[in-house]
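Biologist: I've got a model open and a pile of terms I only half trust. Can we go through what earns each one its name?

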Amino acid sequence: MEQRLRTLARRRAVAVAAAGALAAAGLIAPTAPVQAAEADLIVNGGFEEGLTGWFANNGNATDSATLSPTTDAYSGSGAVRVTARTTTGSGPMQNLSGKVQAGQAYTLTARIRYDNPAGPATKQFFATMHYGAASYTNLVSVTATKGQWAQFNGTFTIPAGQAVSTARLFFETPWTSTPSTDPDLHLMDFTLDDVSVVGAAPPAPASKTIEVVGKLPGEHNPLIGHKFGADGFGFVHDGRVYMYLTNDTQGYAPDPVTGVSPGINYGDINQITVISSEDLVNWTDHGEIQVAGPDGVAPFTNNSWAPGMAKKVVDGEEKFFLYYANGGGSSNVITGESPVGPWTSERDSTLIDGRTPGAEAVAWKFDPAPLVDSDGEAYLYFGGGPAATNMPPAERFNNPKNIRVIRLGDDMVSTEGTAEVVDAPVAFEAAQVFKRDGRYYLSYSSHFGGNDFGGNQTPLPGYPGAGQIGYLISDDPMDWPKETYAGVLFPNQSQFFGPGTGGNNHQSVFEFEGRYYFTHHAPTLNKRINGDTTQGYRSPHMQELTFNPDGTIQQVVGTYAGVDQVRDFDPYRVFEAETFGWSKGVATTKVDGGSDQFGDSAPNLVVRDIDNGDWTALSAVDFGTGAGAVTAKVRPLVAGGQIQVRLDEVTAPVVATIPVDAEAGEWTELTAELTGVTGVHDVYFSYTGPADTDLFELDSWSFTAAPPALTVSATAEIRCFGRKGQVLVTVANGDTVRLTGSVTSAAYGSKSIGLQPGASKPRTFPTGEAQVPAGEVTVEVTGRRDGAPLTTTLTTTYPARSCG
């Protein structure tokens with residue numbers, strides 16, 4: 001069936017190509033819209049940079065070719081030689097996704113030559129666009145004479161209704177299903193040069209930066225306020241909690257005037273967002289993993305939703321396995337060297353699909369959630385969607401049997417045996433399992449009824465209502481009869497967050513430092529942007545999970561307050577600037593190089609789109625006995641920017657200012673001193689500078705502790721002896737070490753002093769004056785603590801006094 005669809009698409013495409021050729025020849029009036037700001041959308045069309053931007057067409061599993069740079073060019077010093085073609089579509093390809101637009105016209109030119117001695121005297125070649133799946137359109141054609149350079153030269157218009165989220169241009173010979181029967185006719189080698197596609201450059205993408213304060217200071221939900229994320233899966237590794245999220249921000253495109261985005265389009269999502277935290281309140285943005293699509297880690301998949309994460313030692317090596325839904329029809333897995341990558345695919349086909357034993361009756365073979373048990377055995381839970389129509393209506397509603405569990409192979413990228421039914425009551429999707437005290441807990445999202453689930457039916461007593469999170473408890477990770485149902489873990493989120501936040505949900509449970517936590521999503525950030533009419537963009541939330549003495553779960557209440565911060569934030573290290581407790585008006589982006597905090601193999605992000613009045617903040621930062629300085633790694637974009645550091649409130653007094661006065665466009669480290677910053681505080685970094693322009697980008701922060709100080713105090717006053725005044729200075733040693741030093745009056749000289757621990761001593765300075773003006777005294781003392789010398793200097797003042 002797949003091949004037939006491709007054939008029909010190709011036959012329709014020939015007519016389009018013919019029309020394009022007639023238009024190029026001037027025989028019919030072109031209907032293309034007038035183009036503005038035309039640009040060449042092809043990268044390295046002359047192959048002067050080798051194969052940069054080009055790859056062999058891989059639209060079908062059978063497509064394959066070898067691309068080799070060659071100096072045998074039509075012009076310039078480079079071209080590409082195409083050999084070892086396995087199909088007629090096997091040729092050089094370039095990805096134009098995001099560059100071309102539906103309804104727009106383009107001019108395509110290129111040079112092509114073939115030399116096969118046994119080939120025909122002439123041969124037709126096509127420039128073809130692959131729009132994804134079985135959608136192919138021949139754009140421009142040329143008939144070449146053997147041994148001579150021929151020129152593609154034509155225009156084409158992308159139909160107004162054509163989806164262009166995938167648009168890949170390639171060069172081929174006319175399609176036939178059996179090219180190997182006559183390879184000299186269908187699979188000849190050829191050389192390509194000087195490729196150009198000229199037309200309207202795509203409009204600048206709408207800003208995705210969220211300008212509102214989406215996560216309010218003091219609140220811990222949603223987890224982040226600068227982007228969206230759904231279907232959160234919590235995973236603990238090496239003292240951090242990682243959250244893997246469906247990248248709802250990928251399709252977010254708010255109107256520049258109204259601020260309202262079109263509704264979310266799940267079909268365009270092919271990235272997974274990763275965030276992590278060591279305290280559950282300050283979250284570091286690790287950016288997006290390009291999982292699926294033409295440029296993805298697993299390009300044979302189209303989507304990446306509902307991630308699940310696991311780690312396991314395989315062949316002596318610790319590996320990380322990220323499972324994801326490839327739309328509704330299948331699920332897959334990629335492998336990482338760490339929780340943040342780098343990532344590779346050990347498979348060239350999906351892990352769970354229609355071939356999976358025991359999953360044939362499952363409508364939606366998605367939402368994969370792994371569990372690695374304490375004995376090393378691994379399991380994958382998946383499935384959802386409409387119930388099988390061969391069941392009675394009441395059973396379709398109450399026990400749809402649409403979720404499955406299957407054993408994973410030791411390699412974690414294969415399955416073993418047959419998938420078993422999870423008979424979760426009123427089940428819809430989102431199965432996930434955790435283990436506690438030797439028992440297994442499976443949570444899932446319940447359905448909303450309707451014809452897919454038997455029509456108007458009566459739910460059995462105690463079963464979940466629409467859009468709730470139910471759960472089961474079992475002693476066996478493969479055995480889930482309906483009798484293991486234990487109740488509702490979480491009602492629908494709209495019960496807690498109000499209008500605009502309803503719909504289905506997706507949850508996970510994980511253990512972190514002896515406590516259990518429940519994650520879910522809700523469109524609360526979307527609501528703060530647009531009010532009660534939301535567009536489906538979801539945000540991650542977290543609540544603590546508690547249990548009754550019998551092991552059942554106490555029903556979770558959703559709050560904006562969220563969970564407690566499990567530890568204060570340590571500022572005395574280099575940490576990523578994209579670590580936020582709260583933020584306003586900023587965005588993040590990946591840049592080249594590794595992370596200063598997480599290592600060279602981890603992705604590096606920076607904070608961008610920083611405008612006057614924006615800010616970021618950290619929750620509960622512990623400065624201990626005192627911070628001495630703060631350093632920012634920053635790239636100035638304009639002159640006049642500043643970073644101001646404040647404590648506890650965004651409007652609090654400034655405790656440090658960093659002028660961002662380095663060379664524009666260059667990364668540099670800038671430092672400001674801090675005094676009097678001790679103890680635990682929320683820290684606000686506020687950004688100021690010229691209006692209506694991006695000020696700078698930020699890569700990392702670090703604080704340094706103030707040098708240790710001795711505990712010493714001093715007071716000064718004027719005493720009168722007769723009609724003359726004396727300055728009396730009393731120095732007290734509150735430390736545990738002996739102090740030596742000096743007491744100096746700016747007006748009356750200096751005297752030495754020595755103090756045992758706990759002692760105090762006076763020093764007097766006769767003035768010889770009856771009218772003594774106000775003045776200042778400096779005390780400088782030195783002591784040795786743990787063998788290291790420490791020096792403290794302090795000043796004290798005294799008021800004027802008359803002794804006459």
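Modeller: Start with confidence: the mean pLDDT of the protein chain is 93, and 95% of its residues reach 70 or more. pLDDT is the predictor's confidence in each residue, from 0 to 100. This is a predicted model, where local features need pLDDT of at least 70 and side-chain atom pairs count only at 80 or more, while totals for chains, interfaces and linings use all residues. Residues are numbered from 1 along each chain, and side-chain values use heavy atoms, without hydrogens and water.

Biologist: Where does pLDDT stay under 50?

Modeller: Over residues 1–36. Where pLDDT is low, the predicted coordinates should not be read in detail.

Biologist: What makes E28-E29-E30 an open sheet, and why are E28 and E30 edges?

Modeller: Strands are DSSP runs (E, at least two residues), numbered from the N terminus, and two of them pair if DSSP finds at least two bridges between them. E29 (residues 515–522) and E30 have 7 bridges in the antiparallel sense, so they pair by that definition. Strand E28 (508–512) and strand E30 (539–545) each have a single partner strand, so one side of each is left without a neighbour in the sheet.

Biologist: Which residue in E30 stands opposite threonine 519?

Modeller: Methionine 542.

Biologist: How do the residues lining the second largest pocket divide?

Modeller: Into 13 nonpolar, 2 polar and 3 charged. Ala, Val, Leu, Ile, Met, Phe, Trp, Tyr, Cys and Pro count as nonpolar, Asp, Glu, Lys and Arg as charged, and the others, Gly among them, as polar.

Note on methods: Contact means heavy atoms within 4.5 Å. Helices (H or I, at least four residues) and strands (E, at least two) are DSSP runs, numbered from the N terminus.
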